[in-house]
Amino acid sequence: MSVFGKFFGGGGKGGKGPSPQDAIQKLRETEAMLTKKQEYLEQKIDAELLIAKKNGTKNKRAALQALKRKKRYEKQLAQIDGTLSTIEFQREALENANTNTEVLKNMGFAAKAMKTAHENMDLDKVDDLMQDITEQQELAQEISDAISRPVGFGDDCDEDELLAELEELEQEELDKNLLEIGGTEDVPLPSVPSNPLPKKPVAQKKREEEDEDDMEELKAWAM
């Protein structure tokens with residue numbers, strides 16, 4: 001049995017291996033345990049360092065023993081750091097593998113569902129069905145065009161005859177308008193007033209004559 005098999009509680013040759021979820025859970029528990037051990041060793045290192053500083057000049061032997069213990073704790077702490085890195089890497093690899101397994105499982109499930117959906121489908125039958133749908137659509141369009149096409153006696157009329165009739169109607173309307181205009185000649189015009197128009201005031205007449213004289217003088221000067 002391999003070391004990992006013993007660690008995860010695996011059986012012999014006929015035994016079933018642990019599931020990825022179980023292995024991931026055990027690795028997380030191990031990480032938590034080692035993290036607590038790290039905190040404990042860090043506390044011990046700080047305590048031994050304090051003892052070494054306190055006895056540095058008074059009791060060198062005690063200070064040296066404290067430093068030796070501090071070195072051992074630091075070595076254990078470094079080993080735990082390396083172990084935690086390895087476990088973290090292994091856990092991430094298992095999580096990725098578990099994710100890929102779930103993805104592949106779901107993809108396989110979807111593929112089976114698609115296969116089941118297509119079991120009763122024949123490509124030739126699908127082509128025939130689509131061809132029938134196209135033909136029915138074309139027939140429906142032809143029926144719609146036939147229904148919307150104007151029918152009846154209106155199609156038998158000659159367009160030239162209709163235009164001639166329209167010209168006759170326009171001519172009748174024009175003659176009617178001319179007759180109405182000619183009838184206005186008998187209407188009596190207003191009589192011219194017999195009384196003479198009022199004459200312009202003398203002052204205004206004189207002013208206009210002076211203006212005319214000025215204009216004549218200006219024209220002569222300009223020439």
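Hi everyone. When I say "buried" today, I mean a residue with under 20% relative accessible area, while "exposed" means over 50% and "partly exposed" covers what lies in between. With that in hand, look at helix α2: Ala23, Ile24, Leu27, Thr30, Glu31, Leu34, Gln38, Leu41, Ile45, Glu48 and Ala52 are buried there. Please keep in mind that this is a predicted model.

Let me step back to the overall fold. The protein has 6 helices and 0 strands, so in order from the N terminus the elements read α-α-α-α-α-α. Of its 223 residues, 11% count as buried.

Now back to α2 itself. This helix covers residues 20-54, which makes 35 residues. From the first C-alpha to the last it reaches 51 Å, and that is close to the 51 Å expected at 1.5 Å a residue. As you look at the buried positions, one general point may help. An α-helix has 3.6 residues a turn, so residues three or four places apart point the same way.

What does α2 pair with? Let's follow the salt bridges, of which the structure holds 6. The side chains of arginine 28 and glutamate 95 form one of them, at 2.8 Å from N to O. Arginine 28 sits in α2 and glutamate 95 in α3, the helix of residues 60-118, so this pair ties together parts that are 67 residues apart in sequence. On accessibility, arginine 28 counts as partly exposed because its value is 43%. Glutamate 95 also has a value, 22%, which means partly exposed.

Glutamate 95 has another partner as well: its side chain meets that of arginine 91 in a salt bridge, 3.1 Å from N to O. These two residues are 4 apart in helix α3, so about one helical turn separates them. Arginine 91 is buried, with a relative accessible area of 15%. If you colour these residues in your viewer, add one more, since Arg28, Glu31, Arg91 and Glu95 are linked in a network of salt bridges.

Here is a second link to look at. Which residue forms a salt bridge with arginine 69? The partner is glutamate 48, and the closest N and O atoms are 2.9 Å apart. Arginine 69 belongs to α3 and glutamate 48 to α2, so the pair ties together parts that are 21 residues apart in sequence. Glutamate 48 counts as buried because its relative accessibility is 5%, while arginine 69, at 25%, counts as partly exposed.

There are also some C-alpha distances for those of you who like contact maps. Isoleucine 80 is placed in helix α3, and it is buried, with a relative accessible area of 8%. Isoleucine 80 and glutamine 38 are 42 residues apart in sequence, and their C-alpha atoms are 7.0 Å apart in space. Glutamine 38 is one of the buried residues of α2 that I named at the start. For another pair, take lysine 53, which is found in helix α2. Is lysine 53 buried or exposed? At 64% relative accessibility, it counts as exposed. Lysine 53 and leucine 67 are 14 residues apart in sequence and 9.5 Å apart in space, C-alpha to C-alpha.

Let me finish with two surface patches. The first one is nonpolar: Met121, Leu123, Val126, Leu129, Met130 and Ile133 form it, and together they have about 570 Å² of accessible area. Leucine 123 lies in helix α4, which covers residues 123-148. With 61% relative accessibility, leucine 123 counts as exposed.

The other patch carries negative charge. Asp158, Glu159, Asp160, Glu161, Glu165, Glu167, Glu168, Glu170, Glu172, Glu173, Asp175 and Glu180 gather in it on the surface. One of them, glutamate 170, lies in helix α5, residues 159-182.

So that is my tour of the model. To recap the part I would start with in the viewer: arginine 28 with glutamate 95, and arginine 69 with glutamate 48. Thanks for listening, and I'm happy to take questions!

Methods
Residues numbered from 1 in each chain as written. Predicted model: local features only at pLDDT ≥ 70, side-chain atom pairs only at ≥ 80, totals over all residues. Heavy atoms only, no water. Patch = residues over 30% accessible without salt bridge, like charges linked within 9 Å, V, L, I, M, F, W, Y side chains within 5 Å. Areas by Shrake-Rupley, 256 points an atom, 1.4 Å probe, with all protein chains shown as cover. Salt bridge = Lys/Arg side-chain N within 4 Å of Asp/Glu carboxyl O. Lys, Arg positive; Asp, Glu negative; His and termini not counted. Charge placed at Lys NZ, Arg CZ, Asp CG, Glu CD. Expected span 1.5 Å × (residues − 1). Buried < 20%, exposed > 50% of the residue type's maximum accessible area, 1.4 Å probe, protein only.
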